[in-house]
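Trainee: I've got this one open on my screen and I'd like a close look at how its side chains sit at the surface and pair up there. Take me through it slowly, please.

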Amino acid sequence: MDVYEAVTSRRAVRGFTDRHVPKELLERVLSAAAWSPSGSNLQSWRAYVVTGRPLAELKKRAGERVVAGDPWDEREYEMYPSALNSPYRERRSAFGEERYGALGISREDWEARQRAASANWNCFGAPAALFCYIDRGLGRPQWSDLGMYLQTVMLLLRAEGLHSCPQMAWSVYRKTVAEVLSPPDGLILFCGMSIGFEDVTVDYIRTGRAPLDETVTFVEG
Ligand SMILES: Cc1cc2nc3c(=O)[nH]c(=O)nc-3n(C[C@H](O)[C@H](O)[C@H](O)COP(=O)(O)O)c2cc1C
């Protein structure tokens, strides 16, 4: 698979089979992803890969919190600004329409949306997950290092025939994640990532993208 195909075939997959993901494969992917760039080569990411019993336990504990209507843990970073300006506001609502429209859920049906969203904490059925932390003392440029790392992981997973879904949703239950992973103090959980083989029976609508001239300006001589 070439890089273009890896990039264009990657999408946030929200339905996985329970097919086992071999540890050697994950080690191969994560060893290669370590070559991701980072400012001054800080390698700001701290990843935990979770499978088997610990992942089952984490899904169980998170699922119990969902069912109990437990409030989310207090935030350590803001997922989105409280007021989204144009064009981000419109893009976000277009995404909501696409995502929930594919499931036949209307804009007004908040409960059905919540139910669909709760699949996040079952990793959409995936048998493997990665949790990406960053040191509390690092700044915005280092958070962007994490993005490069995570995208590299997701592209390499494509090269191995796997799919993924990055999930900030896990940050809302960060204390439950910490109970299972026991990360050292001083780390902030940025996101989780479900990893596995796609369940091709799950319907989805491919997300769109803004036209190139909305996000790229060529300044030519
Ligand atoms: C940092 C980050 C966090 C995300 N968090 C979630 C999440 O919690 N749950 C989810 O279903 N998708 C999540 N996504 C997936 C996005 O919704 C998805 O990438 C976007 O809509 C574009 O669609 P595509 O990835 O399928 O091309 C996240 C993506 C990123 C990059």
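Mentor: Sure, and let's fix one word before we start: a residue is called exposed when its relative accessible area is over 50%, buried when that value is under 20%, and partly exposed in between. Keep in mind too that this is a predicted model.

Start with L212, which sits in helix α8, residues 212-215. Its relative accessibility is 55%, so L212 counts as exposed. It has company out there: together with V216 and F218, L212 makes up a nonpolar patch on the surface, and the three share about 320 Å² of accessible area.

Now for the charged side chains. The structure holds 14 salt bridges, and helix α3 is a handy place to pick up the thread. Within that helix, which covers residues 52-68, K60 and E64 are four residues apart, or about one turn. Their side chains meet in a salt bridge, at 3.6 Å from N to O. How open are the two partners? K60 has a relative accessible area of 46%, so it falls in the partly exposed class. E64 lands there as well, because its value is 44%.

Move on to R61 and you find a salt bridge to E179, with the closest N and O atoms 2.8 Å apart. This pair ties together distant parts of the chain, since R61 belongs to helix α3 and E179 to helix α7 (residues 174-181), 118 residues apart. On accessibility, E179 is partly exposed because its relative value is 48%. R61 is partly exposed too, as its relative accessibility is 29%.

Stay with α7 and go to R174, whose side chain meets that of E74 in a salt bridge of 3.6 Å, N to O. Here again distant parts of the chain are linked: E74 comes from the loop between α3 and α4 (88-101), while R174 is in helix α7, 100 residues away. R174 is a buried residue, because its relative accessible area is 15% and the cut-off for buried is under 20%. The E74 and R174 pair also isn't on its own: E74, E76, R136, R174 and K175 are linked in a network of salt bridges.

One more stop, on helix α2, where A32 lies. A32 counts as partly exposed, because its relative accessibility is 33%. Its C-alpha atom is 8.5 Å from that of T152, although the two residues are 120 apart along the chain.

That helix also takes us to an opening in the surface. α2 (23-33) gives the most to the lining of the second largest pocket, namely four residues. Strand β1 (45-51), like α2, supplies at least two. The full lining is H20, V21, K23, L26, E27, L30, V49, T51, G52, P127 and A128. By character, that lining splits into six nonpolar, three polar and two charged residues. The space inside the second largest pocket is about 190 Å³.

Conventions
Residues are numbered from 1 along each chain as its sequence is written. This is a predicted model: local features need pLDDT of at least 70, side-chain atom pairs count only at pLDDT 80 or more; totals for chains, interfaces and linings use all residues. Side-chain values use heavy atoms; hydrogens and water are left out. Patches are made of residues with over 30% relative accessible area and no salt bridge: like charges are joined within 9 Å, nonpolar side chains (Val, Leu, Ile, Met, Phe, Trp, Tyr) within 5 Å. Accessible areas come from the Shrake-Rupley method with a 1.4 Å probe; for residues, only the protein chains shown count as cover. A salt bridge is a side-chain nitrogen of Lys or Arg within 4 Å of a carboxyl oxygen of Asp or Glu. Buried means under 20% relative accessible area, exposed over 50%, partly exposed in between (1.4 Å probe, protein chains only). On a 1 Å grid over the protein atoms alone, a cavity is a set of points where a 1.4 Å probe fits but cannot get out, and a pocket is an open set with protein on both sides within 12 Å along at least five of seven lines; lining residues have an atom within 4 Å of a point. Grid points are joined across faces, edges and corners, and a volume is the space filled by probe spheres set on the points. Ala, Val, Leu, Ile, Met, Phe, Trp, Tyr, Cys and Pro count as nonpolar, Asp, Glu, Lys and Arg as charged, and the others, Gly among them, as polar.
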